[in-house]
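Hi everyone, thanks for making time this morning. I'd like to walk you through one structure, so please have a look at it while I talk.

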Amino acid sequence: MGVKIDRRPIWLLLALKGLRTFFFIAIFAAFLYVVWMPLPDGLTPEGKNAIAIFLLCLVFWVSNIIPLAVTSILAMVLVPLLGVMPRDVVYGLFGNEAVFFILGAFILAGAVMHSGLSNRIALAIMERSGNSPKGLLLRIYLLAAILSCFMSEHAVAAMLFPIVFEIAKGLELRPGKSGYGKLLFLSLAWGCIIGGIATFLGGARVPLAVGILKETTGATIGFFEYSVAVMPIAVIMLAIGYFVLTRSFKCEITSVAKAHAVLEKRIHAMGKVTYNEYAVGAVLILTIIAWIIWGHSRGLATIALFSVVVLFILKLVRWKDIEEYVNWGIILMYGGAIILGTALEQSGAAYWLADRLVGGWITGPLLAVAFFSFLTLLFTIGISNAAVIAILLPVAIGLTSSFGMNPTVVAYAIAVPAGLAFCLPMSTPANAIIVASNYISVRDMAKIGIIMSLCAWIVFNLVARYYWPLVGIQF
Amino acid sequence: MVDKVYIDNPGALKIDLMLRGIRLDGALEGHGLFKGRAGNGVDIILPNDALVNVPCGDEYTLASPYLLHSSGKHYTITAPKDGRGVPVKVVKPPSFYSEYTTTGKAFSDIATLHGSYSAITPKPVCELFNENAECRYCAGGFDKVDANPVIYTVDEVLETAEAILKEGTSDIIYLSMGYSDCDDGGIEFLAPYIVAIKKHFRCLVAVEALPPKSNKWIDETYGLGADSVLYNLELFDKELFETICPGLAKTIGRNRYIEALKYAATLFPNGTVASHLIVGLEPPGSTRQGIDMLTSMGVVPILPIYRPQPGRALRIEPLTTEIIIPVYRHLYKAVKENEINMLWVRDISVVTTPSEGRALIGEESKGLTSLYEQFYKTKLGAKTAWGLSTLRRKLRVKDTKGLVDSSKN
């Protein structure tokens with residue numbers, strides 16, 4: 001049985017149903033108004049249409065009224081239809097390197113998870129934590145962060161969640177009441193979030209930002225170069241996160257000895273390390289080395305896809321096995337976002353928009369970084385981080401050209417904070433997953449999430465101001 | 001007093017005809033329309049368009065004061081001793097009664113036409129007969145104690161429903177079942193039939209089931225596609241209920257019937273939750289109390305008239321029409337006062353519906369009420385009722401993932 005009856009008055013239910021239709025009619029009417037309105041000064045007809053499509057997608061991405069990927073498909077359809085760019089160029093952009101890098105990263109992460117390697121590493125590290133509650137907490141936190149450097153933070157959260165949940169049950173922690181229960185799940189989510197910003201692999205955000213950057217300006221960011229720039233932010237945030245965590249909720253237990261029984265049982269069930277685990281691990285390590293050495297010259301996507309082919313040649317995975325790990329919706333979404341970003345840039349709409357919106361008062365690179373990083377942190381609380389990048393980055397890149405700023409810097413200023421979503425379950429899947437445990441409430445999460453978001457903004461700007469020039473990133 | 005006739009009042013005449021039956025004019029006895037009518041009766045449309053299934057051919061009907069005779073294609077019911085008569089129409093048996101499913105089963109075995117609805121009982125078995133705990137008056141034909149009872153398949157029921165709806169006489173499929181020892185009141189068994197009918201036809205579905213142990217199953221019944229639900233209490237008097245329906249009293253209990261009806265009335269549309277109270281099994285005062293309680297909860301009481309059944313041990317002298325009429329008047333008033341929609345329970349040949357009770361107090365339907373009544377009898381009206389009911393369900397039912405597996409049976 002599972003029927004749920006909505007007992008609100010019928011007139012209200014009808015009105016709510018009608019609201020969606022009304023919303024679409026109103027949005028499309030506004031869209032047509034922008035398309036048919038007189039041409040503003042300094043804007044080309046293509047630019048005006050690009051802005052109309054951008055605003056339409058902005059509303060759909062923010063409201064999530066249709067899936068993000070479908071909004072991207074709409075952008076792909078409208079850009080050639082309204083003559084912003086020719087259709088062969090539009091569909092050609094979908095073949096962007098970033099899209100194929102994301103595809104390769106999904107398959108590699110899928111292989112690692114399917115082989116059981118990630119699970120084994122996680123269990124082994126946690127099992128060695130001793131009996132101290134803080135020790136176990138730190139292990140989960142760091143483990144989530146480290147794993148998120150090598151695979152999607154969402155996947156890490158999903159993989160570690162059942163283990164942490166079993167530990168919480170094994171320790172007889174009361175859902176919603178136990179302070180240590182809250183700490184366990186928050187350490188999992190925050191570890192994933194912070195670790196996820198450290199490399200290209202933590203999420204598809206950075207490849208998306210790099211894709212938009214490359215298509216619009218020709219500039220790019222390498223795998224190693226990115227990690228060198230962002231690692232200090234991740235390390236400092238991990239330290240701040242641990243400090244905030246351990247002072248937010250009271251730990252009511254003195255030993256986690258019972259958790260070891262749970263972990264040992266799981267490790268025992270996995271048996272010996274298999275050939276597949278060794279081989280997949282070796283392919284992943286070699287891939288990362290290749291990204292660091294040849295990422296610039298050969299391309300990240302080329303290396304990722306080559307590794308995928310190797311996985312299949314060695315029969316380490318079957319297509320059927322990895323299909324469930326490949327999020328085609330995200331790939332479509334990213335393809336569409338890159339097309340829209342390019343359309344805004346090439347039509348001159350991005351520059352026009354940035355100039356009209358913030359051009360008057362953002363007068364220097366430092367202010368631009370501070371403003372866009374703050375706006376990104378604010379947006380990412382309620383909007384998918386990929387959507388935030390798709391919305392803000394083209395406009396921000398448009399602004400940089402007005403005072404000769406390095407566009408790579410704004411790519412960092414948006415791509416990195418977009419991943420630092422601590423406040424709400426809808427901000428990122430890692431948060432949504434831990435709320436589902438019932439150990440942590442949305443209120444608990446939001447209360448300390450705001451502190452973390454504020455810290456993230458300060459740390460990001462300090463690192464950008466004082467550290468980046470030392471590693472050659474000039475504003 | 002017994003020979004009093006009600007030729008002038010169609011409302012009272014319907015009751016009297018159901019109670020006393022009718023005799024056939026000598027010329028009609030060999031007529032194809034009336035052959036083998038014993039047990040099924042003949043469907044007649046009275047002057048106020050009220051449909052009535054009149055017993056004929058049974059022994060007690062030979063003493064009926066009413067006589068049906070014809071002149072060409074015109075039929076008249078007369079009361080010979082009184083000398084008066086009224087023109088009526090005789091409804092031909094539906095043509096699907098003489099047809100068969102592809103598996104060779106007679107449609108007439110699977111379905112029975114009762115006017116605006118056709119009743120289908122996919123599993124015509126009541127397990128209470130096995131324990132000698134059945135309802136003592138039972139006339140449902142469920143007394144087939146068999147280790148391998150006939151169960152009509154979903155496909156057979158679908159074929160039957162198609163034949164019924166093609167015929168166009170009734171637009172409601174009424175699914176029912178006998179007692180079965182289960183927590184869900186029989187819904188899990190009926191689910192595939194409800195889902196299949198709803199999937200293939202644009203018709204309304206009424207479900208007669210037993211009150212389930214949990215209200216979740218009532219939600220499920222609505223979610224599956226039932227537009228109307230009946231939990232038949234049969235008797236309001238607690239002690240008589242325990243005596244006459246010992247099995248139901250012991251396994252379900254009167255209180256659960258009342259709770260389930262009350263809950264269903266908050267979920268289903270106004271006027272679509274109903275319960276039988278059999279007139280004549282208990283004192284009329286008790287039936288009136290039952291009417292008051294059910295209508296106060298938003299439940300439509302349906303009042304079939306008790307007649308002793310051949311072969312059943314229970315033999316209570318039937319009430320007279322004169323005693324019964326005030327009960328139906330009370331029914332109409334109670335339903336009206338509680339603002340219960342009377343459009344759903346209408347045009348049923350085997351009972352006097354609440355709206356037909358209007359004729360008993362000399363009221364006539366007029367204005368919007370009359371317009372609605374006429375409209376919902378048309379094809380467009382039936383489609384509208386289906387559309388509104390479907391829309392309501394789409395708005396109300398939020399999650400159908402957990403619906404019982406409709407692939408069973």
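**A pair of residues, and outwards from there**

Let's start small: in chain B, B:Leu68 sits opposite B:Ile77, which belongs to strand E5(B). Before I go on, please keep in mind that this is a predicted model.

So where does that pair belong? Strand E4 of chain B, residues 67–71, and strand E5 of chain B, residues 74–79, run antiparallel and are joined by five bridges. Zooming out, these two are part of an open sheet of six strands in chain B, with mixed pairing and the order E1-E4-E5-E6-E2-E3. Which strands stand at the edges of that sheet? They are E1 (23–24) and E3 (51–54) of chain B; each has a single partner strand, so one side of each is left without a neighbour in the sheet. As a reminder, strands of a sheet pair through backbone hydrogen bonds, either parallel or antiparallel.

For chain B as a whole, the secondary structure amounts to twelve helices and 14 strands. Of its 409 residues, 48% count as buried. If you take the contacts in chain B with a separation of 6 or more, 74% of them involve residues 24 or more positions apart.

Now over to chain A, where we find 22 helices and one strand. Chain A has 475 residues, and 49% of them are buried. Among its contacts between residues at least 6 apart in sequence, 83% join residues at least 24 apart.

Let me pick out two helices there. Helix H2 of chain A (residues 45–63) packs with helix H3 of chain A (residues 68–81) at an angle of about 170°, and their axes are 9 Å apart. That angle makes H2(A) roughly antiparallel to H3(A). What makes the contact? From H2(A) we have A:Ile53, A:Cys57, A:Phe60 and A:Trp61, while H3(A) brings A:Leu68, A:Thr71, A:Leu74, A:Ala75, A:Leu78 and A:Val79. By type, the residues of this contact are nine nonpolar, one polar and no charged.

My last stop is helix H16 of chain A, residues 328–346. Is it mostly covered or mostly open? Mostly covered: 15 of the 19 residues of H16(A) are buried. Its length works out nicely too: at 1.5 Å a residue, the 19 residues of H16 in chain A should span 27 Å, and the end C-alpha atoms are 27 Å apart, which agrees. Just after H16(A) comes A:Gly348, with a positive phi of about 85°.

That's my tour, and I'm happy to go back to any part of it.

Notes. Residues numbered from 1 in each chain as written. Chains lettered and ligands numbered in written order. Predicted model: local features only at pLDDT ≥ 70, side-chain atom pairs only at ≥ 80, totals over all residues. Pairing = 2+ DSSP bridges. Helix = DSSP H or I, 4+ residues; strand = E, 2+ residues; numbered from the N terminus. Expected span 1.5 Å × (residues − 1). Buried ≥ 20, exposed ≤ 12 C-beta atoms within 10 Å, placed from the backbone. Contact = placed C-beta atoms within 7 Å. Axes fitted to C-alpha atoms, helices over the stretch in contact; angles between N-to-C directions. Parallel < 35°, antiparallel > 145°, perpendicular 65-115°, else oblique. Nonpolar A, V, L, I, M, F, W, Y, C, P; charged D, E, K, R; others polar.
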